[in-house]
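These are my notebook entries on one protein chain. I set down what I looked up, in the order in which I looked.

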Amino acid sequence: MNNKERRGHLRYKDPESGSLRLSMQDGESDRPLTAMMLNESRNGLACVYVGPTIEPGSALLWQETEEIATPCTVMRCERLHDGVYLLALSIAG
């Protein structure tokens, strides 16, 4: 199944917490992040994230399952409260 076909199917999120497993792609090292999904479409997703601000254009990897990792690009990082941000992610590819 290619990326476009996979986008038409329900994506993975932890059934108990609804959290997303993301990682920053910082060259040679990955920095793990956890976010709560708010909305999802075929082109991207919106989530709430607690931590430092993430610059638009940053590359993230969404670990949907053990076998499926989807590259994403940060389109927007809007401050909701101190250390709490709304992320708009575009699915790459």
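**Entry 1: confidence**

Over which residues does pLDDT stay under 50, and how many contacts beyond four places in sequence does the model have for them? I found that pLDDT (the predictor's confidence in each residue, from 0 to 100) stays under 50 over residues 4-10. For this stretch the model has 11 contacts beyond four places in sequence, a contact being heavy atoms within 4.5 Å. Where pLDDT is low, the predicted coordinates should not be read in detail.

I noted the ground rules next. This is a predicted model, in which local features need pLDDT of at least 70 and side-chain atom pairs count only at pLDDT 80 or more, while totals for chains, interfaces and linings use all residues. Residues are numbered from 1 along each chain as its sequence is written, and side-chain values use heavy atoms, with hydrogens and water left out.

For the chain I recorded a mean pLDDT of 79, with 73% of the residues at 70 or more. Among the elements, helix H1 (residues 3-7) has the lowest mean pLDDT, 48, and strand S6 (residues 84-91) has the highest, 94.

**Entry 2: the chain as a whole**

I then listed the elements. The chain has one helix and six strands, and from the N terminus on their order is α-β-β-β-β-β-β. Helices (H or I, at least four residues) and strands (E, at least two) are DSSP runs, numbered from the N terminus.

I looked up burial as well. The chain has 93 residues, of which 32% count as buried. Buried means under 20% relative accessible area, exposed over 50%, and partly exposed in between (1.4 Å probe, protein chains only). The accessible surface of the chain comes to about 5,800 Å², and 51% of this belongs to carbon and sulfur atoms. Such areas come from the Shrake-Rupley method with a 1.4 Å probe; for residues, only the protein chains shown count as cover.

Of the contacts in the chain with a separation of 6 or more, I found that 45% are between residues 24 or more positions apart.

**Entry 3: how the strands pair**

Which strands does S6 pair with, and over how many bridges? I found that strand S3 (residues 44-50) pairs with S6 in the antiparallel sense over seven bridges. Two strands pair if DSSP finds at least two bridges between them. In this pairing, Val50 has Val84 of S6 as its bridge partner. S6 is also joined to S5 by eight bridges, and these strands run antiparallel.

I followed the S5 and S6 hairpin residue by residue. Glu78 stands opposite Leu86 in S6, and Arg79 stands opposite Tyr85 in S6. Two residues lie between the strands of this hairpin, and Gly83 there takes a positive phi near 75 degrees.

S4 and S5 form a hairpin too, with five residues between them. They pair in the antiparallel sense over five bridges.

**Entry 4: residues of S4 and S5**

I began with Ala59, which lies in strand S4 (residues 59-63) and stands opposite Thr73 in S5. Ala59 counts as partly exposed because its relative accessibility is 36%. From Ala59 to Met24 the separation is 35 residues in sequence and 6.3 Å in space, C-alpha to C-alpha.

Leu61 also lies in strand S4. Its relative accessibility is 21%, so Leu61 counts as partly exposed. Leu61 and Cys72 are 11 residues apart in sequence, with their C-alpha atoms 5.9 Å apart.

Is Thr70 buried or exposed? Thr70 is in strand S5 (residues 69-81), and it counts as buried because its relative accessibility is 2%. The side chains of Thr70 and Glu64 are joined by a polar contact of 2.3 Å. A polar contact is a pair of N or O atoms within 3.5 Å; within protein, one must be able to donate a hydrogen and the other to accept it, and residues adjacent in sequence count only if both atoms are side-chain atoms.

**Entry 5: salt bridges**

How many salt bridges does a search of the whole structure find? It finds two. A salt bridge is a side-chain nitrogen of Lys or Arg within 4 Å of a carboxyl oxygen of Asp or Glu. Side chains of opposite charge can pair when their charged atoms come close.

One salt bridge joins Glu78 and Arg76, whose closest N and O atoms are 3.5 Å apart. Glu78 is partly exposed, with a relative accessible area of 35%, and Arg76 is partly exposed at 41% relative accessibility.

Another joins the side chains of Arg79 and Asp82, at 2.2 Å from N to O. Arg79 and Asp82 are both exposed.
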